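Welcome! Take a moment to look over the model below, and then we can walk through it together.

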There are 2 protein chains.
Amino acid sequence: MARNPERRAALLDAAIEVMADEGARGLTFRAVDARAGVPTGTSSNYFTDRDQLLSQVGERIFVRLTPEAGALDTAMLPEPSRDLVVELMRWLARRMAAERSCYLGLFELRLEATRRPELRARLTEVLRGDLDENIRLHLAAGMPGDEDTVLLLYFALTGLLVDHFTVPGLHDARELDTLIETVVNRIVPAA
Amino acid sequence: MARNPERRAALLDAAIEVMADEGARGLTFRAVDARAGVPTGTSSNYFTDRDQLLSQVGERIFVRLTPEAGALDTAMLPEPSRDLVVELMRWLARRMAAERSCYLGLFELRLEATRRPELRARLTEVLRGDLDENIRLHLAAGMPGDEDTVLLLYFALTGLLVDHFTVPGLHDARELDTLIETVVNRIVPAA
(Lines give C-alpha, C1' and ligand atoms only; values in the text may rest on other atoms or scores of the structure.)
Protein backbone atom coordinates (compact mmCIF):
# COMPACT_ATOMS: atom_id res chain seq x y z
CA MET A 1 0.00 0.00 0.00
CA ALA A 2 1.23 3.48 -0.85
CA ARG A 3 1.74 5.59 2.27
CA ASN A 4 1.88 9.26 1.28
CA PRO A 5 -0.68 10.70 3.78
CA GLU A 6 -1.30 13.92 1.86
CA ARG A 7 -1.97 12.02 -1.34
CA ARG A 8 -4.29 9.68 0.58
CA ALA A 9 -6.22 12.67 2.00
CA ALA A 10 -6.46 14.22 -1.47
CA LEU A 11 -7.84 10.94 -2.86
CA LEU A 12 -10.40 10.77 -0.05
CA ASP A 13 -11.47 14.37 -0.68
CA ALA A 14 -11.90 13.50 -4.36
CA ALA A 15 -13.94 10.46 -3.29
CA ILE A 16 -16.23 12.70 -1.20
CA GLU A 17 -16.86 14.92 -4.23
CA VAL A 18 -17.58 11.87 -6.40
CA MET A 19 -20.04 10.59 -3.80
CA ALA A 20 -21.82 13.94 -3.52
CA ASP A 21 -22.12 14.15 -7.32
CA GLU A 22 -22.87 10.52 -8.18
CA GLY A 23 -24.05 8.82 -5.01
CA ALA A 24 -22.27 6.07 -3.09
CA ARG A 25 -22.77 3.59 -5.92
CA GLY A 26 -20.82 5.90 -8.26
CA LEU A 27 -17.78 5.63 -6.02
CA THR A 28 -15.23 3.63 -8.05
CA PHE A 29 -11.43 3.72 -8.05
CA ARG A 30 -11.54 4.97 -11.63
CA ALA A 31 -13.92 7.85 -10.76
CA VAL A 32 -11.76 8.84 -7.79
CA ASP A 33 -8.57 8.84 -9.90
CA ALA A 34 -10.28 10.97 -12.56
CA ARG A 35 -11.63 13.45 -10.00
CA ALA A 36 -8.26 13.72 -8.23
CA GLY A 37 -6.50 14.22 -11.58
CA VAL A 38 -4.08 11.35 -10.97
CA PRO A 39 -3.20 8.43 -13.26
CA THR A 40 -5.71 5.58 -13.42
CA GLY A 41 -4.62 2.93 -10.93
CA THR A 42 -3.41 5.37 -8.25
CA SER A 43 -6.36 4.75 -5.86
CA SER A 44 -5.88 1.01 -6.05
CA ASN A 45 -2.39 1.54 -4.60
CA TYR A 46 -3.92 3.25 -1.58
CA PHE A 47 -6.99 1.15 -0.84
CA THR A 48 -7.29 -2.64 -0.85
CA ASP A 49 -10.91 -2.62 -2.01
CA ARG A 50 -14.07 -0.56 -2.27
CA ASP A 51 -15.15 -1.42 1.29
CA GLN A 52 -11.90 -0.04 2.69
CA LEU A 53 -12.22 3.08 0.52
CA LEU A 54 -15.78 3.64 1.76
CA SER A 55 -14.79 3.19 5.38
CA GLN A 56 -11.87 5.65 5.04
CA VAL A 57 -14.14 8.11 3.23
CA GLY A 58 -16.35 7.93 6.31
CA GLU A 59 -13.47 8.70 8.66
CA ARG A 60 -12.39 11.61 6.42
CA ILE A 61 -15.95 13.03 6.46
CA PHE A 62 -16.05 12.82 10.26
CA VAL A 63 -12.70 14.64 10.50
CA ARG A 64 -13.84 17.41 8.14
CA LEU A 65 -17.20 17.89 9.89
CA THR A 66 -15.75 17.94 13.42
CA PRO A 67 -14.50 21.39 14.46
CA GLU A 68 -10.78 21.49 15.25
CA ALA A 69 -10.01 21.74 18.93
CA GLY A 70 -10.06 25.46 19.64
CA ALA A 71 -12.32 26.34 16.68
CA LEU A 72 -14.88 27.20 19.32
CA ASP A 73 -13.26 28.29 22.55
CA THR A 74 -16.04 27.85 25.08
CA ALA A 75 -14.04 29.78 27.67
CA MET A 76 -14.29 32.82 25.36
CA LEU A 77 -18.06 32.62 24.91
CA PRO A 78 -20.30 35.36 26.33
CA GLU A 79 -22.81 34.61 29.11
CA PRO A 80 -24.81 31.46 28.35
CA SER A 81 -28.31 32.22 27.05
CA ARG A 82 -30.88 31.03 24.54
CA ASP A 83 -29.74 33.74 22.11
CA LEU A 84 -26.24 32.33 22.33
CA VAL A 85 -27.59 28.87 21.42
CA VAL A 86 -29.22 30.48 18.36
CA GLU A 87 -25.84 31.93 17.33
CA LEU A 88 -24.06 28.62 17.88
CA MET A 89 -26.62 26.71 15.79
CA ARG A 90 -26.27 29.30 13.00
CA TRP A 91 -22.49 28.88 13.15
CA LEU A 92 -22.94 25.10 12.92
CA ALA A 93 -25.27 25.43 9.91
CA ARG A 94 -22.73 27.69 8.15
CA ARG A 95 -20.01 25.11 8.80
CA MET A 96 -22.20 22.38 7.28
CA ALA A 97 -23.00 24.59 4.27
CA ALA A 98 -19.26 25.21 3.76
CA GLU A 99 -18.79 21.42 3.80
CA ARG A 100 -21.87 20.65 1.71
CA SER A 101 -20.31 17.63 -0.04
CA CYS A 102 -19.34 16.15 3.32
CA TYR A 103 -22.78 16.70 4.79
CA LEU A 104 -24.45 15.06 1.78
CA GLY A 105 -21.78 12.34 1.89
CA LEU A 106 -22.78 11.64 5.47
CA PHE A 107 -26.33 10.90 4.28
CA GLU A 108 -24.96 8.65 1.52
CA LEU A 109 -23.03 6.84 4.26
CA ARG A 110 -26.17 6.52 6.39
CA LEU A 111 -27.96 4.83 3.48
CA GLU A 112 -24.92 2.61 2.80
CA ALA A 113 -24.92 1.76 6.52
CA THR A 114 -28.35 0.10 6.15
CA ARG A 115 -26.55 -2.43 3.90
CA ARG A 116 -23.13 -2.70 5.68
CA PRO A 117 -23.07 -3.73 9.36
CA GLU A 118 -19.44 -2.64 9.94
CA LEU A 119 -20.04 0.81 8.50
CA ARG A 120 -23.23 1.04 10.58
CA ALA A 121 -21.34 0.17 13.78
CA ARG A 122 -18.65 2.78 13.08
CA LEU A 123 -21.17 5.47 12.06
CA THR A 124 -23.21 4.80 15.21
CA GLU A 125 -20.07 5.16 17.35
CA VAL A 126 -19.01 8.45 15.75
CA LEU A 127 -22.50 10.03 15.82
CA ARG A 128 -22.97 8.93 19.44
CA GLY A 129 -19.59 10.45 20.36
CA ASP A 130 -20.56 13.76 18.69
CA LEU A 131 -23.92 13.86 20.41
CA ASP A 132 -22.40 13.09 23.84
CA GLU A 133 -19.79 15.81 23.29
CA ASN A 134 -22.50 18.32 22.38
CA ILE A 135 -24.44 17.41 25.52
CA ARG A 136 -21.30 17.75 27.63
CA LEU A 137 -20.43 21.17 26.16
CA HIS A 138 -23.99 22.48 26.50
CA LEU A 139 -24.19 21.55 30.18
CA ALA A 140 -20.59 22.57 30.99
CA ALA A 141 -21.16 26.01 29.42
CA GLY A 142 -24.25 26.47 31.60
CA MET A 143 -26.59 26.84 28.62
CA PRO A 144 -30.30 26.74 29.48
CA GLY A 145 -31.91 23.30 29.23
CA ASP A 146 -30.88 19.72 29.96
CA GLU A 147 -29.66 16.63 28.13
CA ASP A 148 -32.98 16.17 26.29
CA THR A 149 -32.83 19.81 25.13
CA VAL A 150 -29.64 18.94 23.23
CA LEU A 151 -31.20 15.72 21.89
CA LEU A 152 -34.19 17.70 20.59
CA LEU A 153 -31.89 20.32 19.00
CA TYR A 154 -29.95 17.51 17.32
CA PHE A 155 -33.12 15.89 15.90
CA ALA A 156 -34.64 19.18 14.72
CA LEU A 157 -31.40 20.50 13.19
CA THR A 158 -30.96 17.21 11.31
CA GLY A 159 -34.48 17.55 9.86
CA LEU A 160 -33.99 21.22 9.03
CA LEU A 161 -30.59 20.74 7.39
CA VAL A 162 -31.59 17.70 5.35
CA ASP A 163 -34.41 19.82 3.88
CA HIS A 164 -32.05 22.76 3.38
CA PHE A 165 -29.52 20.66 1.45
CA THR A 166 -31.88 18.43 -0.53
CA VAL A 167 -35.10 20.46 -1.11
CA PRO A 168 -34.02 24.05 -0.35
CA GLY A 169 -37.26 25.53 -1.70
CA LEU A 170 -39.41 23.73 0.87
CA HIS A 171 -39.22 26.48 3.49
CA ASP A 172 -38.41 29.38 1.21
CA ALA A 173 -40.89 31.63 2.97
CA ARG A 174 -38.24 31.91 5.72
CA GLU A 175 -34.46 32.36 5.70
CA LEU A 176 -32.36 29.56 7.19
CA ASP A 177 -31.23 31.88 10.02
CA THR A 178 -34.86 32.62 10.89
CA LEU A 179 -35.80 28.95 10.83
CA ILE A 180 -32.92 28.16 13.18
CA GLU A 181 -34.09 30.88 15.55
CA THR A 182 -37.62 29.41 15.52
CA VAL A 183 -36.30 25.91 16.23
CA VAL A 184 -34.07 27.02 19.11
CA ASN A 185 -36.71 29.28 20.66
CA ARG A 186 -39.21 26.42 20.70
CA ILE A 187 -36.80 23.85 22.18
CA VAL A 188 -34.49 25.74 24.54
CA PRO A 189 -35.99 27.30 27.67
CA ALA A 190 -35.61 31.10 27.93
CA ALA A 191 -33.15 30.79 30.83
CA MET B 1 -45.60 1.97 -23.96
CA ALA B 2 -47.25 -0.95 -22.21
CA ARG B 3 -50.31 0.10 -20.25
CA ASN B 4 -51.22 -2.60 -17.74
CA PRO B 5 -51.52 -0.47 -14.56
CA GLU B 6 -51.15 -3.38 -12.11
CA ARG B 7 -48.00 -4.57 -13.85
CA ARG B 8 -46.65 -1.01 -13.81
CA ALA B 9 -47.30 -0.72 -10.06
CA ALA B 10 -45.62 -4.11 -9.47
CA LEU B 11 -42.57 -2.96 -11.44
CA LEU B 12 -42.42 0.27 -9.42
CA ASP B 13 -42.68 -1.67 -6.14
CA ALA B 14 -39.81 -3.88 -7.34
CA ALA B 15 -37.86 -0.70 -8.19
CA ILE B 16 -38.39 0.62 -4.64
CA GLU B 17 -36.96 -2.62 -3.21
CA VAL B 18 -33.98 -2.42 -5.58
CA MET B 19 -33.34 1.17 -4.51
CA ALA B 20 -33.56 0.33 -0.80
CA ASP B 21 -31.13 -2.58 -1.28
CA GLU B 22 -28.70 -1.08 -3.79
CA GLY B 23 -29.12 2.69 -3.67
CA ALA B 24 -30.47 4.92 -6.44
CA ARG B 25 -27.47 4.21 -8.66
CA GLY B 26 -28.28 0.50 -8.59
CA LEU B 27 -31.67 1.19 -10.15
CA THR B 28 -31.46 -0.30 -13.66
CA PHE B 29 -34.16 -1.81 -15.89
CA ARG B 30 -32.38 -5.16 -15.64
CA ALA B 31 -32.34 -5.06 -11.82
CA VAL B 32 -36.05 -4.13 -11.73
CA ASP B 33 -36.98 -6.96 -14.12
CA ALA B 34 -34.99 -9.44 -12.02
CA ARG B 35 -36.56 -8.26 -8.74
CA ALA B 36 -40.07 -8.33 -10.21
CA GLY B 37 -39.46 -11.82 -11.61
CA VAL B 38 -40.43 -10.80 -15.15
CA PRO B 39 -38.55 -11.36 -18.42
CA THR B 40 -35.61 -9.05 -19.10
CA GLY B 41 -36.86 -6.21 -21.25
CA THR B 42 -40.24 -5.87 -19.55
CA SER B 43 -39.41 -2.61 -17.73
CA SER B 44 -38.20 -0.98 -20.92
CA ASN B 45 -41.70 -1.48 -22.30
CA TYR B 46 -43.13 0.55 -19.41
CA PHE B 47 -40.63 3.39 -19.00
CA THR B 48 -38.97 5.45 -21.71
CA ASP B 49 -35.74 5.92 -19.75
CA ARG B 50 -34.18 5.87 -16.31
CA ASP B 51 -35.25 9.46 -15.57
CA GLN B 52 -38.88 8.56 -16.17
CA LEU B 53 -38.54 5.41 -14.06
CA LEU B 54 -37.02 7.43 -11.20
CA SER B 55 -39.75 10.03 -11.35
CA GLN B 56 -42.52 7.39 -11.33
CA VAL B 57 -40.77 5.59 -8.45
CA GLY B 58 -41.02 8.89 -6.59
CA GLU B 59 -44.75 9.17 -7.25
CA ARG B 60 -45.26 5.56 -6.15
CA ILE B 61 -43.35 6.21 -2.91
CA PHE B 62 -45.52 9.25 -2.19
CA VAL B 63 -48.69 7.22 -2.78
CA ARG B 64 -47.52 4.42 -0.47
CA LEU B 65 -46.41 6.79 2.30
CA THR B 66 -49.59 8.90 2.22
CA PRO B 67 -52.40 7.45 4.32
CA GLU B 68 -55.52 6.58 2.36
CA ALA B 69 -58.40 8.96 2.86
CA GLY B 70 -60.20 7.59 5.90
CA ALA B 71 -57.15 5.73 7.32
CA LEU B 72 -57.30 8.31 10.05
CA ASP B 73 -60.82 9.58 10.62
CA THR B 74 -60.27 12.82 12.49
CA ALA B 75 -63.99 13.00 13.31
CA MET B 76 -63.53 9.76 15.29
CA LEU B 77 -60.55 10.99 17.32
CA PRO B 78 -60.89 11.53 21.07
CA GLU B 79 -60.54 14.99 22.63
CA PRO B 80 -57.48 16.82 21.26
CA SER B 81 -54.53 16.76 23.68
CA ARG B 82 -50.78 16.44 23.80
CA ASP B 83 -51.12 12.75 24.65
CA LEU B 84 -53.15 12.29 21.50
CA VAL B 85 -50.34 13.91 19.48
CA VAL B 86 -47.95 11.35 21.04
CA GLU B 87 -50.26 8.54 19.89
CA LEU B 88 -50.57 9.98 16.38
CA MET B 89 -46.78 10.34 16.03
CA ARG B 90 -46.32 6.73 17.18
CA TRP B 91 -48.89 5.62 14.62
CA LEU B 92 -46.99 7.57 11.94
CA ALA B 93 -43.67 5.99 12.95
CA ARG B 94 -45.22 2.51 12.78
CA ARG B 95 -46.52 3.30 9.29
CA MET B 96 -43.05 4.38 8.20
CA ALA B 97 -41.51 1.23 9.74
CA ALA B 98 -44.04 -0.91 7.85
CA GLU B 99 -42.95 0.91 4.67
CA ARG B 100 -39.24 0.86 5.49
CA SER B 101 -38.13 0.49 1.86
CA CYS B 102 -40.27 3.48 0.86
CA TYR B 103 -38.96 5.64 3.68
CA LEU B 104 -35.35 4.81 2.80
CA GLY B 105 -36.22 5.29 -0.88
CA LEU B 106 -37.45 8.78 -0.04
CA PHE B 107 -33.97 9.60 1.29
CA GLU B 108 -32.39 8.13 -1.85
CA LEU B 109 -34.71 10.42 -3.83
CA ARG B 110 -33.69 13.43 -1.69
CA LEU B 111 -30.03 12.75 -2.54
CA GLU B 112 -30.89 12.21 -6.22
CA ALA B 113 -32.81 15.50 -6.08
CA THR B 114 -29.58 17.39 -5.36
CA ARG B 115 -28.48 16.30 -8.85
CA ARG B 116 -31.83 16.47 -10.74
CA PRO B 117 -33.73 19.79 -10.80
CA GLU B 118 -37.01 18.30 -12.05
CA LEU B 119 -37.05 15.65 -9.34
CA ARG B 120 -36.17 18.33 -6.78
CA ALA B 121 -39.10 20.51 -7.90
CA ARG B 122 -41.55 17.61 -7.69
CA LEU B 123 -40.21 16.39 -4.32
CA THR B 124 -40.43 19.92 -2.92
CA GLU B 125 -44.05 20.19 -4.09
CA VAL B 126 -45.08 16.85 -2.55
CA LEU B 127 -43.29 17.42 0.78
CA ARG B 128 -44.75 20.93 1.00
CA GLY B 129 -48.23 19.58 0.31
CA ASP B 130 -47.81 16.96 3.06
CA LEU B 131 -46.56 19.51 5.56
CA ASP B 132 -49.39 21.94 4.77
CA GLU B 133 -51.91 19.12 5.14
CA ASN B 134 -50.41 18.16 8.53
CA ILE B 135 -50.63 21.78 9.68
CA ARG B 136 -54.23 22.01 8.49
CA LEU B 137 -55.27 18.79 10.26
CA HIS B 138 -53.49 19.73 13.50
CA LEU B 139 -55.23 23.10 13.68
CA ALA B 140 -58.62 21.81 12.45
CA ALA B 141 -58.59 19.06 15.11
CA GLY B 142 -57.95 21.67 17.81
CA MET B 143 -54.62 20.09 18.88
CA PRO B 144 -52.52 22.22 21.22
CA GLY B 145 -49.93 24.43 19.51
CA ASP B 146 -49.74 26.45 16.31
CA GLU B 147 -48.29 26.18 12.80
CA ASP B 148 -44.69 26.27 14.07
CA THR B 149 -45.48 23.43 16.51
CA VAL B 150 -46.22 21.22 13.51
CA LEU B 151 -43.09 22.46 11.71
CA LEU B 152 -40.97 21.58 14.75
CA LEU B 153 -42.61 18.14 15.02
CA TYR B 154 -41.87 17.56 11.34
CA PHE B 155 -38.19 18.52 11.70
CA ALA B 156 -37.66 16.50 14.89
CA LEU B 157 -39.49 13.41 13.61
CA THR B 158 -37.40 13.49 10.43
CA GLY B 159 -34.20 13.56 12.51
CA LEU B 160 -35.44 10.84 14.84
CA LEU B 161 -36.64 8.53 12.06
CA VAL B 162 -33.54 8.93 9.90
CA ASP B 163 -31.50 7.77 12.92
CA HIS B 164 -33.96 4.97 13.63
CA PHE B 165 -33.75 3.61 10.08
CA THR B 166 -30.03 4.13 9.38
CA VAL B 167 -28.22 3.88 12.76
CA PRO B 168 -30.82 2.21 15.02
CA GLY B 169 -28.31 1.64 17.84
CA LEU B 170 -27.68 5.37 18.31
CA HIS B 171 -30.45 5.87 20.87
CA ASP B 172 -30.75 2.30 22.11
CA ALA B 173 -30.95 3.45 25.70
CA ARG B 174 -34.56 4.38 24.91
CA GLU B 175 -37.35 2.70 22.96
CA LEU B 176 -38.64 4.48 19.87
CA ASP B 177 -42.03 5.02 21.54
CA THR B 178 -40.33 6.69 24.52
CA LEU B 179 -38.22 8.91 22.24
CA ILE B 180 -41.36 10.00 20.40
CA GLU B 181 -43.02 10.87 23.70
CA THR B 182 -39.99 12.97 24.72
CA VAL B 183 -39.99 14.79 21.38
CA VAL B 184 -43.72 15.57 21.50
CA ASN B 185 -43.69 16.61 25.18
CA ARG B 186 -40.88 19.07 24.50
CA ILE B 187 -42.46 20.61 21.41
CA VAL B 188 -46.22 20.55 21.94
CA PRO B 189 -47.69 22.71 24.71
CA ALA B 190 -49.56 20.82 27.44
CA ALA B 191 -52.89 22.28 26.30
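## Where the two chains meet

This is a predicted model, and a good place to begin is the contact between its chains. Chain A brings 48 residues to that contact, and chain B brings 48 residues as well. How much area is buried between chain A and chain B? The value is about 4,000 Å², and carbon and sulfur atoms give 62% of it. On the side of chain A, the residues that lose the most area to chain B are R25(A), F155(A) and R186(A), which together make up 18% of what that side buries.

## Charged and polar pairs

Side chains of opposite charge can pair when their charged atoms come close. Across the interface of chain A and chain B there are 11 salt bridges, while a search of the whole structure gives 39 over all chains. To see one in the viewer, find R25(B) and E22(A): their closest N and O atoms are 2.8 Å apart. Because R25(B) sits in the loop between α1 (5–22) and α2 (29–36) of chain B and E22(A) belongs to helix α1 of chain A, this pair joins two chains.

Polar contacts can be counted too: 22 residue pairs are in polar contact between chain A and chain B, with both partners at pLDDT 80 or more.

## Which helices do the touching

Five helices of chain A each supply at least two residues of the side that touches chain B: α1 (5–22), α6 (100–113), α7 (117–140), α8 (147–166) and α9 (176–187). Which helix gives the largest share? That is α8(A), with 14 residues. Sorted by class, the side of chain A that touches chain B holds 23 nonpolar, 11 polar and 14 charged residues.

## How the copies are related

Two copies of a chain are related by a rotation about an axis and a shift along it. Here, a turn of 180° with a shift of 0.0 Å along the axis lays chain A on chain B with an RMSD of 0.0 Å. This is the relation of a two-fold axis. Both copies use the same surface, as 100% of the contact residues of chain A recur in chain B.

If you would like a landmark for the axis, try A156(A): of the residues of chain A, its C-alpha comes closest to the rotation axis, at 2.0 Å.

## Aromatic pairs

Over all chains, the structure holds nine aromatic pairs. One of them is formed by F107(A) and F107(B), which are stacked, at 6.3 Å centre to centre and 5° between the planes. F107(A) is in helix α6 of chain A and F107(B) in helix α5 (residues 100–113) of chain B, so the pair joins two chains.

## Chain A as a whole

Stepping back, chain A contains nine helices and zero strands. From the N terminus on, its elements therefore read α-α-α-α-α-α-α-α-α. The C-alpha trace of chain A spans about 55 × 35 × 30 Å along its principal axes.

Key
Residues numbered from 1 in each chain as written. Chains lettered and ligands numbered in written order. Predicted model: local features only at pLDDT ≥ 70, side-chain atom pairs only at ≥ 80, totals over all residues. Heavy atoms only, no water. Contact = heavy atoms within 4.5 Å. Buried area = accessible area lost by both parts, 1.4 Å probe. Salt bridge = Lys/Arg side-chain N within 4 Å of Asp/Glu carboxyl O. Polar contact = N/O pair within 3.5 Å; in protein donor to acceptor, adjacent residues only side chain to side chain. Helix = DSSP H or I, 4+ residues; strand = E, 2+ residues; numbered from the N terminus. Nonpolar A, V, L, I, M, F, W, Y, C, P; charged D, E, K, R; others polar. Least-squares fit on C-alpha atoms with pLDDT ≥ 70 in both. Phe/Tyr/Trp six-rings, centres within 6.5 Å; stacked < 30°, edge-to-face > 60°.
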